[in-house]
Amino acid sequence: MNTKKKQGSRNTGVYVFFAIGSIVMIFPFVWMFLTSFKTVAESMQIPPDILPHQWALDSFKDALASLPFGALYKNTILLIVWRVICAVAFSSMAGYAFAKLKFKGKNLLFGVVLVQMMLPSQIFIIPQYQMLAKLGLTNSIFALVFPGLVSAFGTFFLRQAYMGIPDEISEAAYLDGCNQWQTFVKVMVPLTTSSMAALAVFTAVFAYGDLMWPLIANTDLKMMTLSSGLATLRGQFSTNFPVLMAGSLLAMIPMVVLYLFFQKQFIEGVAMTGGK
Amino acid sequence: MASLSLKHIFKEYPNGFKAVNDFNLEIADKEFIIFVGPSGCGKSTTLRMVAGLEDISSGEFRIDGELMNDVESKDRDIAMVFQSYALYPHMTVYDNMAFGLKLKKTPKEEIERKVREAAKILDLDLLLDRKPKALSGGQRQRVAMGRAIVRNPKVFLMDEPLSNLDAKLRVQMRTEIAKLHERLGATIIYVTHDQTEAMTLGTRIVVMKGGVIQQVDTPQNLYNAPCNLFVAGFIGSPQMNFLNAVCQAEGERVTLKVGEYGIELPKEKAKKLIDGGYKDKEVILGIRPEDVSEAGGGRVGAQVKATVNVYELLGAEVYLYCELCGNSMTARVSSSTTAKTGDTREFVLDVEKIHVFDKETELAITN
């Protein structure tokens, strides 16, 4: 009886702990939601009111008027789609090569990949911008996608997935009559689909949240992504927070839809990549 | 089916390690060849070179007279059954078996017929829609065999295919493989470290050690006339007894002195020792546990007294692990024995079955 009581109070403690954690995590989102319905004065008020006095949709109207949301959605979706396709395809091929093929300098090349992964991406921004500028490709979808065409992390991640597949499987495929490409496509790729899905989700989330590169590469508002477009709503001296929050809510729609469809892969991706 | 020829095959890794050293073997059509030896002896490496999964450092490997050294695995017309089965986890049993045929662009009806036929032989008819993860070890093993059979290759390679199975299933599958060989009339190379599998399945056995062939012969000849100490010790369970002895000769009579006992050899064996110049030299006397019996059973031979250290009952028979003049000796006797641990008993060694080995070269003198 005593043990049951102890167990019960311990469980309550755990629930309270997790409830506090959940509130802390969800609070910024709730605050953003509530602020988007407030007036500017309400949003700046100290002490702040939690709920808006009137549930006004003016901020949403202003946000939609200030930004070309159609173009931003299109650009963001294209950015995500192309980065996911390219990152998964190229990382898959490179990962397979590093995991299963024998060639000279393999370890050295993989070392280069690891170094690229360890270096902060900001280091590459200037040379990448210079390359695009010289080619006259800034303010284009290609400019947005370009730095994410190959992913060092993806290569590393999928290499690990391929390494987990016993060599006998690919050897059996060779003996069954597969060439290298057939072994990769017909046998190896189907065995790493869950890892690929995880990488796709991870890449999509990263591409969606990427701010610095889209801000630098595309300065034309119509070629911006949701994140860089929203950044233009912040003024140098003052910011209209309700409009910014309303815009942010609208910008969240693609990710929410993506999450609803790929909830399982999202969770797996976070678990497999250790990302957040 | 096909004949294979391996001439002066070497496998040397970049770090200088020689896994296979001057391997020479001619394999006739429909032969069931067993590569046997301890771990790291090069048997799997040789098999993988035959499969084309490892490059041959030097030497010539031919199938039906055609040089295969630089031919890709897929073009060698070889099927392999792996120790881990290596089934494609994302495919059903049917697709696993049909995969090779689909790649060859075999007509659908023919694929269907061949797969169903092989499934029937291997008793897999009801499992064709299952994925490998839903199968037991024995069933997976049969699917791996089926995958090899449907392709009707020139050569079957099997790399320890039974080692992941439990003892009972292993015996059952061993019989299945023997039946399959008879039915298909296939050329098979089978790698194992289990000498029971080697003895029961092989038409010829290749015993390997340290990348070098020790002996190639039929199971019976390997058992009766091992060419050296290693083969004598490796083939047979429990292994052959090795006793330190001194060769004493008087005219045509040769006696092997083991401690205080003199064991007189039959004329044929005696002559080989005299001709080899072993008089007064130290040699190793080898005798199998089944050729050592308890005295009083009517068996004729050299009598010795040994102390029983361990008594091991196996049901139908008993292994007596004894000490004879500082040497360990095992006797395989009937379960009706009254011997117990600590007893000193008289044993009879069948002198006709004695093997004598050179102590330095470890080569057999009398075989």
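1. In this predicted model, residues 24 or more positions apart account for 66% of the contacts in chain B that have a separation of 6 or more. Of the 367 residues in chain B, 42% are buried, and the C-alpha atoms of the chain fill a box of roughly 75 × 45 × 35 Å along the principal axes. The secondary structure of chain B amounts to nine helices and 20 strands.

2. Strand E8 of chain B, residues 187-192, deserves attention for its burial, since six of its six residues are buried. The cover extends to both faces of E8(B): on one side Thr187(B), Ile189(B) and Val191(B) are buried, and on the other side Ile188(B), Tyr190(B) and Thr192(B) are buried as well.

3. The pairing of E8(B) can be followed on two strands. Strand E3 of chain B, residues 32-36, runs parallel to E8(B) and is joined to it by five bridges, with Phe35(B) standing opposite Val191(B). Strand E7 of chain B, residues 155-159, also pairs with E8(B) in the parallel sense over five bridges, and here Leu157(B) stands opposite Ile189(B). From E7(B) the chain crosses through helix H5 of chain B, residues 167-184, to E8(B), and the resulting β-α-β crossover is right-handed.

4. A further element of chain B is an open sheet of four strands in the order E2-E1-E4-E5, with antiparallel pairing. Strand E2 (18-27) and strand E5 (66-67) of chain B each have a single partner strand and stand at the edges, so one side of each is left without a neighbour in the sheet. Within this sheet, strand E1 of chain B, residues 4-12, pairs with E2(B) in the antiparallel sense over six bridges, and Leu4(B) stands opposite Ile27(B) in E2(B).

5. Helix H1 of chain B, residues 43-51, should be viewed together with that sheet, as the helix lies across E1, E2 and strand E4 (58-63) of chain B. The direction of H1 in chain B is at about 65 degrees to E2(B).

6. As for the contact between the chains, 17 residues come from chain B and 15 residues from chain A. On the side of chain B that touches chain A, strand E6 (78-81) and helix H2 (93-103) of chain B each supply at least two residues. By class, that side of chain B has eleven nonpolar, four polar and two charged residues.

Key:
Residues are numbered from 1 along each chain as its sequence is written. Chains are lettered from A and ligands numbered from 1 in the order in which they are written. This is a predicted model: local features need pLDDT of at least 70, side-chain atom pairs count only at pLDDT 80 or more; totals for chains, interfaces and linings use all residues. A residue is buried if 20 or more other C-beta atoms lie within 10 Å of its own, exposed if 12 or fewer, and partly exposed in between; C-beta atoms are placed from the backbone. Two strands pair if DSSP finds at least two bridges between them. A crossover is right-handed if, with the strands pointing away from the viewer, the path from the first strand over the helix to the second runs clockwise. Two residues are in contact if their C-beta atoms, placed from the backbone, lie within 7 Å. Ala, Val, Leu, Ile, Met, Phe, Trp, Tyr, Cys and Pro count as nonpolar, Asp, Glu, Lys and Arg as charged, and the others, Gly among them, as polar. Axes are lines fitted to C-alpha atoms, for helices over the stretch in contact, and angles run from 0 to 180 degrees between N-to-C directions.
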